[in-house]
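Notebook open. I want to go from the overall fold to the empty spaces, then to one helix and one residue.

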Amino acid sequence: MAGSNGNGQAAVGRERGILVVGGGMAGISAAIEAAEAGSDVYVVEQGPSLGGRVAMLHQYFPKLCPPYCGLEINFRRIRSDHRHFKVFTQAQVERVAGVAGDYEVTIRLDPRYVIADRCIACNKCAEVCPVERPNAFNYGLDTTKAAYLPNPMAFPMKYVIDGEACVGTACSACVEACPTDAIDLQMTAKTMTVKVGAIVLATGWKPYDANKLSILGYTEHRDVVSNVQLERLAAVDGPTCGRIVRPSDGREAKRVAFVQCAGSRDVNHLPYCSSICCLSSIKEATYVRAQYPDSEVFVFYIDIRAPGRNEDFYHRVRADEGVHFVKGKVAKVIADPAGTGDLIVEADEMLSGTKRRVNVDLVVLATGMQPSLSGAAAIPGLAVEFDEHGFALENRDAGIFVAGVAHRPADVVTTVRDATGAALKAIHTTVH
């Protein structure tokens, strides 16, 4: 599947294949469905491993099982159908040229500084690395070395070196420690091209920046965290090995407040509803209650949105005497002036018309979902438009299809269903 494009760049693939941009749940699902139908698929993922945001969850909703259950099955399907798969990590699409049925896509491969075929994931490089960096997988709640494994279930299970954090040849401790000569600190970025007939955008989402929510205390208090950070605190492979504690002092978080619509349904932030934040907080309330039976959880909400069969899950949690639902918009989060180290959540309770003040150990902000790829970061040559919120719109005439949260906020189940549909439409484009 390799050749040359005449400009000294590598060229792989043949016409009529399918390019999937993004290696999260939407991208993986679309790629697997297309490959198992016989299409050649090229997956381009900008991170060092596949799995996306789903790999960073503690539990799936609504089954409340670990996400690796589903991910490992998908990774196994990729391995078993390797003839139709080409996965590029540390990669980005630089340019798209052509028309539906006949696209030439230029991909930039950023250096991993680790020769993947030689890496045996022995951790020797990380053991001797002197540099610490924020751990993006844990949303900055802890650090890793500059030489690191992306996560315990990374696919591919290969180490990577953060080129921005690493001091390079001035150190080289990792080079000397590696038993398989897998580290090359001289690696540089490369480009390559693939020929495809259709493109599936599965670029996923990013959490709304909680630093913009100063009134809710995120920038001022360490014990105000986002909903995605709580997922990592609850996860056994997270920064606290699954213990839900206060980041400031490690104390057990037994009184927890969830603040809904933190930056959502707000003309000053995200004007839309992200559709899953209510259910995400309700799910996370079960984490606290399961870990600490004597805990109390307060959910401050404007409206609870639990469509379809999810209503049953909501009522089941609401029946828990340790979970209190407070209909009211949070006005502010402050430190307890008594010096207890607690936080005080102040809200206008709508049903009673009174002000509510609650002392808690931890505040969790239900931040919304934003598309990772928007008009400002559009790929040159890609014939796709974006709506007023930055979500991509399908262009069937151009053979460009959109899956998952790149298209609109969605849960995992909807994302997988969406991705299957995008794969089918892409296949249709490549065979006509």
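I start with the term I need: a contact means heavy atoms within 4.5 Å. With that in hand, I looked at contacts in the chain between residues at least 6 apart in sequence, and 66% of them join residues at least 24 apart. A reminder to myself before going on: this is a predicted model.

**Entry: overall fold**

I counted the secondary structure and got 8 helices and 23 strands for the chain. I then looked up the radius of gyration, which is 23 Å, close to the 22 Å that the globule rule gives for 432 residues, so the chain is as compact as a globular protein of that length. Along the principal axes, the C-alpha atoms fill a box of roughly 70 × 55 × 35 Å.

How much of the chain counts as buried? I found 52% of the 432 residues. For the surface, I noted that the chain exposes about 19,000 Å², with carbon and sulfur atoms supplying 51% of it.

**Entry: second largest pocket**

I wanted to know about the open space here, and I put the volume of the second largest pocket at about 1,000 Å³. Its lining has 27 residues, and V87, F88, T89, L109 and A116 lie nearest its centre. I traced which elements give two or more residues to that lining: β2 (10-21), α2 (68-80), β4 (85-88) and β11 (190-201). Strand β4 gives the largest share, 4 residues. Sorting the lining of this pocket by class, I get 15 nonpolar, 5 polar and 7 charged residues.

**Entry: closed cavities**

Rolling a probe the size of a water molecule over the atoms shows where empty space is left. I searched the whole structure and found 3 cavities of 30 Å³ or more.

The largest cavity has a volume of about 100 Å³. Which residues come closest to its centre? Of the 14 that line the largest cavity, I have C129, P130, C166, C171 and C174 down as the closest. I split this lining into 12 nonpolar, 2 polar and no charged residues.

For the second largest cavity I wrote down about 80 Å³ of space. It is lined by 13 residues, and those nearest its centre are C119, C122, C125, C178 and A182. The class split for the second largest cavity is 10 nonpolar, 2 polar and 1 charged.

**Entry: helix α5**

Next I checked α5, residues 227-234. Is this helix mostly covered or mostly open? It is mostly covered, with 8 of its 8 residues buried. I listed them: N227, V228, Q229, L230, E231, R232, L233 and A234. I then asked what covers the buried residues of α5, and the cover includes β12 (205-207), β13 (224-226), β14 (255-262), α6 (277-291) and β19 (362-367).

**Entry: T193**

Last, one residue. I placed T193 in strand β11, an element I had already met in the lining of the second largest pocket. Why does T193 count as buried? Its relative accessibility is 4%, and the cut-off for buried is under 20%. I also took a distance from T193: its C-alpha atom is separated by 61 Å from that of G339, which is 146 residues away along the chain.

Technical notes:
Residues numbered from 1 in each chain as written. Predicted model: local features only at pLDDT ≥ 70, side-chain atom pairs only at ≥ 80, totals over all residues. Heavy atoms only, no water. 1 Å grid on protein atoms, 1.4 Å probe; cavity = no way out; pocket = protein on both sides within 12 Å on 5 of 7 lines; lining within 4 Å. Points joined across faces, edges and corners; volume = space filled by probe spheres on them. Nonpolar A, V, L, I, M, F, W, Y, C, P; charged D, E, K, R; others polar. Rg over C-alpha atoms; globule rule 2.2 N^0.38 Å. Buried < 20%, exposed > 50% of the residue type's maximum accessible area, 1.4 Å probe, protein only. Areas by Shrake-Rupley, 256 points an atom, 1.4 Å probe, with all protein chains shown as cover.
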